[in-house]
Amino acid sequence: KSSRDFATRDGTMRASNAILAFGLLVASATTVHGAFLNPPECALENSLELFACQDALASRAALAPNADHDLACCKGIFGGTGALDSKPERYNETSNTWFTLENFLPMGCLCDDDIYEQDPEFFDLIMQFVEGGVCDNLPDVGTNKANGSRDAPVIATIPSNKHTGTYKINGVGEARPAIAGVGTCPNPLPLNGFMAVAADGTSTGVSLNKEEMMNKVLNMPARIPPAPPALGAATEMSEIIADIHLYNFNADNLNDDPKRELLEDHIASQLAATSSTLNQTLYPAFSAADIQVEIQYFARGGVMPSDDRRRLLESSNENTVITIKIKPPTGVSEFSTARVDTIRHVLLAWATARPKKDLGGIYGNITVSAEVAIGQQNPSPPTGTAPAAVPPTPPATLPPAVTGLPRQGTAGAYEGGFELTNTDYLLSLVGQAMPGFAMAIILMAVMILMILVYIASTICGALCCKCCNGAYKPRKFTKKDLVINKVVILVFVALTAAGCFMIFSEGPALLDGVSDLTQAMVDTVLDLVDDGRAISAAINTAATDDSMALGEVGDTMAEMDEALDTVEEAIEKAQDQIEAQLDAAGSLILAAAGAMFALSFVVFAAAFIGWWRLLILFIVVLSLGMVLAWIVWGIVAMVTTLVDDLCWAMQDYLDNPDSSDLGDLIPCMDAKTALDTMTLARSMSSLGIVGVNSFLEDYAGTNPYQNYMCYTYVKVRLDELCTEENEYFNDDFTLYVCKAYHNGELDDLEAEEDTHKYVWADAKCPFPTNSYKVKLGDFANEPNNATAPGVANLRCPFQGFEVELDSSGNEVIDINGKPKANLSAPIAFSMGQCYAYRQIPSDMFDRSSYSAELAQGIIDIIPIIEGLLQCEFVDNAFARMVGPCEDMAAALTNLYTAFLLVSLGYFLTWASTLVVISRLQYYKTGCTDAGDRYKQ
């Protein structure tokens with residue numbers, strides 16, 4: 001077996017309460033005390049005295065000996081002689097007699113191989129503790145003997161044949177440590193009370209198993225619970241809230257209002273009955289008519305798993321956990337201070353009742369939240385009503401086109417929204433490009449006509465009449481007129497240059513907008529990949545724990561991970577390609593802007609110099625560029641309008657998702673299906689927490705101040721959640737569900753047997769009271785942790801099971817990184833110690849803590865799953881994309897203006913250049929004050 005960690009924990013029994021107290025303080029007058037059990041027996045009752053040694057051993061292991069711990073341990077070993085020191089006892093119901101047991105170690109229990117081998121490390125440490133003389137001179141320490149003698153608390157008083165330096169467990173392994181001066185083993189040995197007993201009352205020779213030891217402990221008289229602290233001064237209150245766990249009652253028996261009212265009335269009568277048992281001078285009794293009890297479910301356990309990991313008791317698999325509100329009778333607004341004080345003490349009596357309070361009738365045993373009972377209930381959260389049904393707003397209409405051009409459909413002006421499937425909308429987009437296309441067509445037709453006229457005039461002049469050769473001959477002009485023509489070309493070239501410089505400046509801005517928009521989309525996809533991996537990791541990790549009952553999900557999750565890897569690689573590859581294309585597009589835009597300006601400037605230069613033959617060549621290129629510019633301007637107008645409309649539509653979706661036209665294009669899950677899936681996940685989570693709390697209550701029910709797991713979700717009626725005042729009214733889950741409820745989308749939701757429909761709203765931890773404040777993932781934390789309290793006070797320092805060994809004799813390591821417990825080899829001595837003190841054996845606690853962390857991982861991914869079901873990623877994507885989209889639209893709007901300037905500049909330059917060409921060509925005959933400059 002592995003060595004143990006005997007770390008000190010809050011809640012471990014100290015000197016004053018180290019010895020377990022059995023039975024009631026007040027017994028029948030005929031009860032007999034004091035006779036020693038005969039024959040003597042090494043039993044659970046006298047072994048429990050050794051539990052007090054855990055603190056002493058831990059203190060000394062930490063090199064910080066504690067006198068109180070040492071005294072408690074020595075009295076646990078040898079017995080105490082003080083007036084307040086008790087002796088281990090066993091109650092016999094048949095003879096109504098309490099028998100005294102001799103102390104465990106001095107009576108020779110270590111001489112029994114089966115007992116010693118239950119926990120040899122622990123017994124060795126105690127023997128070394130005594131050997132060191134710690135107990136020699138302590139006051140009020142001495143051994144109780146059946147013969148009336150009292151031996152000194154020294155090592156010679158403890159018989160043992162295991163510490164001679166040669167003893168080996170089962171004859172193998174290392175010899176146990178030698179302890180000098182131990183006593184001689186008695187003959188015969190005392191009986192071994194850790195052995196199972198056959199039907200005839202004889203020992204079976206087999207150690208008690210886990211269940212048998214639990215039953216033995218549970219059949220022992222309960223020890224007196226810790227005294228509760230005094231209640232603070234009472235104040236007037238309008239209601240008192242308490243939490244009740246009904247162990248033997250199935251919530252299916254509350255499937256209609258009359259049955260619920262029956263339990264409410266029964267609780268009221270039981271509260272009144274208990275009030276009559278209190279000190280009437282201090283706490284005057286009240287009747288059932290003086291109070292009203294209202295029930296609210298927060299967890300309906302139903303049938304709990306009959307699983308050893310979750311249940312200590314198998315007496316019932318029915319569990320119902322409710323909250324009750326105790327209110328004044330109708331017409332009374334508040335309880336008086338005296339009435340509040342009485343009710344609180346009634347609840348305190350219920351909370352500390354041992355055995356558990358029996359509610360009577362069909363309801364059975366209950367426990368009550370002690371935090372509420374002592375007046376430390378959590379402040380009530382603000383309440384309100386979820387938003388009522390809101391008439392659906394009609395889809396918004398698009399604003400005027402950013403280009404300033406009218407939107408035209410098949411039947412006139414288009415006044416709809418962003419409807420990509422609407423023919424009218426698509427036609428309105430094409431209409432934005434029509435002015436540019438029309439100009440390109442008209443100019444192309446004019447150029448073709450001019451070519452035809454030129455060809456016809458040339459043929460006519462060659463064949464018929466030379467007068468036809470003057471088709472493009474200009475009127476008479478002066479040199480000043482020609483200069484003015486050249487200046488006009490310069491002005492139009494400047495206009496073109498302005499457009500080119502705008503393209504030059506806005507091109508990078510457009511590309512940045514496209515890059516940012518792409519990055520927003522990539523980030524959204526990668527977030528989905530991360531969410532998928534978080535879900536896969538949580539489920540994969542949880543699936544390693546058999547207690548999670550997730551089955552074989554490895555292959556499914558592996559396929560999911562592979563698909564996510566493929567998506568991530570594809571999106572990153574696509575992003576790299578887009579970035580490369582954007583870089584190329586940036587270079588192309590710069591080159592195009594430079595080429596457009598260069599063309600217009602070369603035309604001006606040739607005109608200025610007077611190279612009319614070269615101008616004829618460039619006018620052809622300019623003509624093609626002019627037509628192309630108008631076409632590009634039309635396309636930019638259409639794209640600019642589309643992008644601006646898209647930006648508007650995304651913002652409209654964020655503002656009004658229900659009426660947005662984009663909502664029709666996004667295939668999100670319908671509300672009923674999404675809610676069914678969320679209900680399944682939330683109910684399973686709550687059911688698991690009910691099981692853990694039942695498990696803890698079975699162990700720690702004697703401690704009225706024990707922390708429990710917070711109920712993450714609360715089961716409420718759908719109609720009450722959405723139409724009545726409650727504390728969940730403003731939660732995202734409530735808003736989502738109630739919007740669907742009011743819109744009639746949940747009409748087909750399946751009702752339960754009571755004909756009502758239920759959902760699981762978000763609880764606010766601590767919930768329902770301050771006792772329920774531990775998250776599953778904080779299971780192993782100390783209870784006094786200010787930010788993340790746990791239940792570490794329930795961790796027993798004893799190990800409950802032998803360590804599992806492999807075929808080579810090596811320890812098997814469990815999934816939590818610690819030695820794996822061999823569940824078929826319980827340690828009866830250790831089990832008895834832990835169960836008697838209502839603590840969980842260390843190996844079981846550590847394993848449960850690890851499972852709780854895994855379960856918390858599943859709970860943590862529920863919001864991620866619900867976000868996917870509700871298409872929250874669409875909101876996230878649009879929220880990220882709106883900004884870059886608007887930047888992109890602004891850049892496109894400027895490009896739209898830039899291409900308009902270029903198109904107009906080209907057109908005007910083209911027209912002016914035609915005039916200059918004709919004047920230069922006919923300069924000699926057409927210019928009235930011509931010289932010889934342009935004769936060639």
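Is aspartate 124 buried or exposed at 5% relative accessibility? Aspartate 124 counts as buried, because its relative accessibility of 5% falls under the 20% cut-off. The legends below describe this residue and several other parts of the structure, which is a predicted model.

**View 1. The whole chain as an overview of its helices and strands.** In this predicted model, the secondary structure of the chain amounts to 20 helices and 22 strands. Of the 936 residues in the chain, 47% are buried, and the area that the chain exposes is about 43,000 Å², with carbon and sulfur atoms supplying 58% of it. When contacts between residues at least 6 apart in sequence are considered, 78% of them join residues at least 24 apart.

**View 2. Aspartate 124 and the residues around it.** Aspartate 124 belongs to helix α5, where its relative accessibility of 5% places it among the buried residues. If its neighbours within four places in sequence are left aside, the residues in contact with aspartate 124 are Tyr116, His163, Arg176 and Pro177.

**View 3. The packing of helix α3 against helix α5.** Two packed helices are described by the angle between their axes and the distance between the axes. For α3 and α5 the angle is about 110° and the axes are 12 Å apart, and the two helices are therefore roughly perpendicular to each other. On the α3 side the contact involves Asp70, Cys73, Cys74, Ile77 and Phe78, which meet Ile126, Phe129 and Val130 of α5. Sorted by character, the residues of this contact comprise seven nonpolar, no polar and one charged.

**View 4. The largest nonpolar core and a second one.** The largest nonpolar core contains 93 residues, and those with the most contacts inside it are Ile77, Phe104, Phe123 and Phe129. Helix α14, which spans residues 671–700, gives this core its largest share, namely eight residues. A second core, separate from this one, has 58 residues and includes Ala520, Val603, Val636 and Phe878. Around phenylalanine 104, once residues up to four places away in sequence are not counted, the residues touched are Cys42, Ala43, Asn46, Ser47, Leu50, Cys109, Ile115, Phe123, Phe194 and Phe829.

**View 5. The packing of helix α7 against helix α8.** Helix α7 (residues 257–275) packs with helix α8 (residues 337–351) at an angle of about 95°, and their axes are 9 Å apart. This angle makes α7 roughly perpendicular to α8, because angles from 65 to 115 degrees are counted in that way. Helix α7 contributes Ile267, Gln270, Leu271, Thr274 and Ser275 to the contact, while α8 contributes Thr342, Val346, Leu347, Ala349 and Trp350. The residues of this contact divide into six nonpolar, four polar and no charged.

**View 6. Backbone details in four loops or loop positions.** Most residues other than glycine have a negative phi, and most peptide bonds are trans. The peptide bond from asparagine 38 to proline 39 is cis, with omega near 0°, and proline 39 sits in the loop between β1 (32–36) and β2 (41–42). A cis peptide bond also runs from asparagine 187 to proline 188, with omega near 5°, and proline 188 has its place in the loop between α5 (120–131) and β5 (191–192). Leucine 63, in the loop between α2 (53–61) and α3 (67–78), has a positive phi near 60° although it is not glycine, and with a relative accessible area of 76% it is exposed. Asparagine 170, found in the loop between α5 and β5, likewise has a positive phi near 60°, and its relative accessible area of 65% makes it exposed.

**View 7. Leucine 665 and a partner far away in sequence.** Leucine 665 is placed in the loop between α13 (612–655) and α14, and it is partly exposed, with a relative accessible area of 41%. From C-alpha to C-alpha, leucine 665 and leucine 420 are 8.9 Å apart in space, although 245 residues separate them in sequence. Apart from residues up to four places away in sequence, leucine 665 touches Leu420 and Thr421.

Key:
Residues are numbered from 1 along each chain as its sequence is written. This is a predicted model: local features need pLDDT of at least 70, side-chain atom pairs count only at pLDDT 80 or more; totals for chains, interfaces and linings use all residues. Side-chain values use heavy atoms; hydrogens and water are left out. Buried means under 20% relative accessible area, exposed over 50%, partly exposed in between (1.4 Å probe, protein chains only). Contact means heavy atoms within 4.5 Å. Accessible areas come from the Shrake-Rupley method with a 1.4 Å probe; for residues, only the protein chains shown count as cover. Axes are lines fitted to C-alpha atoms, for helices over the stretch in contact, and angles run from 0 to 180 degrees between N-to-C directions. Angles under 35 degrees count as roughly parallel, over 145 as roughly antiparallel, 65 to 115 as roughly perpendicular and the rest as oblique. Ala, Val, Leu, Ile, Met, Phe, Trp, Tyr, Cys and Pro count as nonpolar, Asp, Glu, Lys and Arg as charged, and the others, Gly among them, as polar. A nonpolar core is a set of buried Ala, Val, Leu, Ile, Met, Phe, Trp, Tyr and Cys residues joined through side-chain atoms within 4.5 Å.
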